[in-house]
Amino acid sequence: MKQLVLDIRPDAPPALDNFVVGNNQELVAALHDAAQLPGHVYVWGPAGCGRTHLLRAAVDAACKAGRPAAYLEAARIGDELPQTPDLLLAIDDINALAPEAQIALFNAFNRSRPLGQKLLLAGDARPLALVLREDLRTRVGQCLVYEVRPLDDESRAAILATLAARRGLRLADEVIDFLMRHGRRDLPSLLTVLDALDNASLERKRAVTLPLLREMMQAGLDI
């Protein structure tokens, strides 16, 4: 377990310093200065792995460094993309680009060099598996490609226990084991469950144990 940054909350603004790094040290180091990388960047991984967090954090870091930067969701893109010189343009979920938006992104690749733009893209699959027009998929495949590697269960369990302790909440080992075996193990989902357990413990004045978790599940808590 390496470089786990634990000062995170579901409502915390995305930042590179509050991303749980795990085995993604090289990727996070690159995004600290994404605008200065020698090529465009494509980041991929399953839902909940932190792709959106990383893109928003890189845009925030670029803005704080005085470089123009913008974050866009693929589903909201039409047939045009910004042509601001020196822009770091982050586009999330490119697998969801509509046909006209795919043309817009292809055109953005073509004009990026004269404009000095850098593209930071994210999607749910490796370039060859993206369902996009072939010329665009080829351009994506020529980017610097990083897979967001998921945390292992040991890291997830350690994060849960540490965050709970910082709230003055002790999670019984059996609760953590149950969540690792039966719950969704992406970090946002685990943090949502932790919030629910924290609230229930305060309201009911009970320790967080497996019986309490089971009661909450019977009452509708989705883990």
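How many residues apart are Arg137 and Glu134 in helix α4 (residues 134–141), and by about how much of a helical turn are they separated? The legends below, which begin with this pair, describe close-up views of a predicted model.

**Figure 1. Arg137 and Glu134 are joined by a salt bridge in helix α4.** The two residues stand three residues apart in helix α4 (residues 134–141), so about one helical turn separates Arg137 from Glu134. Their side chains meet in a salt bridge, with a distance of 2.2 Å from N to O. Arg137 counts as partly exposed because its relative accessibility is 21%, and the cut-off below which a residue would be called buried is 20%. Glu134 is also partly exposed, at 48% relative accessibility.

**Figure 2. Lys64 and Asp60 form a salt bridge within helix α2.** Both residues belong to helix α2 (residues 51–64), where they lie four residues apart, which is about one turn of the helix. The side chains of Lys64 and Asp60 meet with a distance of 3.1 Å from N to O. Lys64 is exposed, having a relative accessible area of 68%, whereas Asp60 counts as partly exposed at 28% relative accessibility.

**Figure 3. Arg149 and Glu147 make a salt bridge, and a network joins Arg51, Asp92 and Asp93.** In the pair formed by Arg149 and Glu147, the closest N and O atoms are 3.8 Å apart. Arg149 is partly exposed, with a relative accessible area of 47%, and Glu147 counts as partly exposed at 33% relative accessibility. Elsewhere, salt bridges that share partners bring Arg51, Asp92 and Asp93 together into one network. For the model as a whole, the count comes to 14 salt bridges.

**Figure 4. Asp93 and Lys205 have positive phi angles although neither is a glycine.** Most residues other than glycine have a negative phi. At Asp93, however, phi is positive, at about 55°, and this residue is found in the loop between β3 (88–92) and α3. Asp93 is partly exposed, with 31% relative accessibility. Lys205 likewise has a positive phi of about 55°, and its place is in the loop between α7 (187–204) and α8 (210–218). Lys205 is exposed, with a relative accessible area of 75%.

**Figure 5. The second largest pocket is lined by residues that include four from helix α3.** About 170 Å³ of space lies in this second largest pocket. Its lining is made up of Pro38, Gly39, His40, Phe109, Asn110, Ser112, Arg113, Gln117 and Lys118. Helix α3 (residues 99–115) gives the most to this lining, with four residues. When the lining of the second largest pocket is sorted by class, there are two nonpolar, five polar and two charged residues.

**Figure 6. Arg133 lies over the face of the Phe106 ring.** In this view, Arg133 sits at 5.7 Å from the centre of the ring of Phe106. A charge is said to sit over a ring if, among other conditions, it is within 6 Å of the ring centre, and therefore the distance for Arg133 and Phe106 falls inside this cut-off. As for pairs of aromatic rings, the count in this model comes to zero.

Note on methods:
Residues numbered from 1 in each chain as written. Predicted model: local features only at pLDDT ≥ 70, side-chain atom pairs only at ≥ 80, totals over all residues. Heavy atoms only, no water. Phe/Tyr/Trp six-rings, centres within 6.5 Å; stacked < 30°, edge-to-face > 60°. Lys NZ or Arg CZ within 6 Å of the ring centre and 35° of its normal. 1 Å grid on protein atoms, 1.4 Å probe; cavity = no way out; pocket = protein on both sides within 12 Å on 5 of 7 lines; lining within 4 Å. Points joined across faces, edges and corners; volume = space filled by probe spheres on them. Nonpolar A, V, L, I, M, F, W, Y, C, P; charged D, E, K, R; others polar. Salt bridge = Lys/Arg side-chain N within 4 Å of Asp/Glu carboxyl O. Buried < 20%, exposed > 50% of the residue type's maximum accessible area, 1.4 Å probe, protein only.
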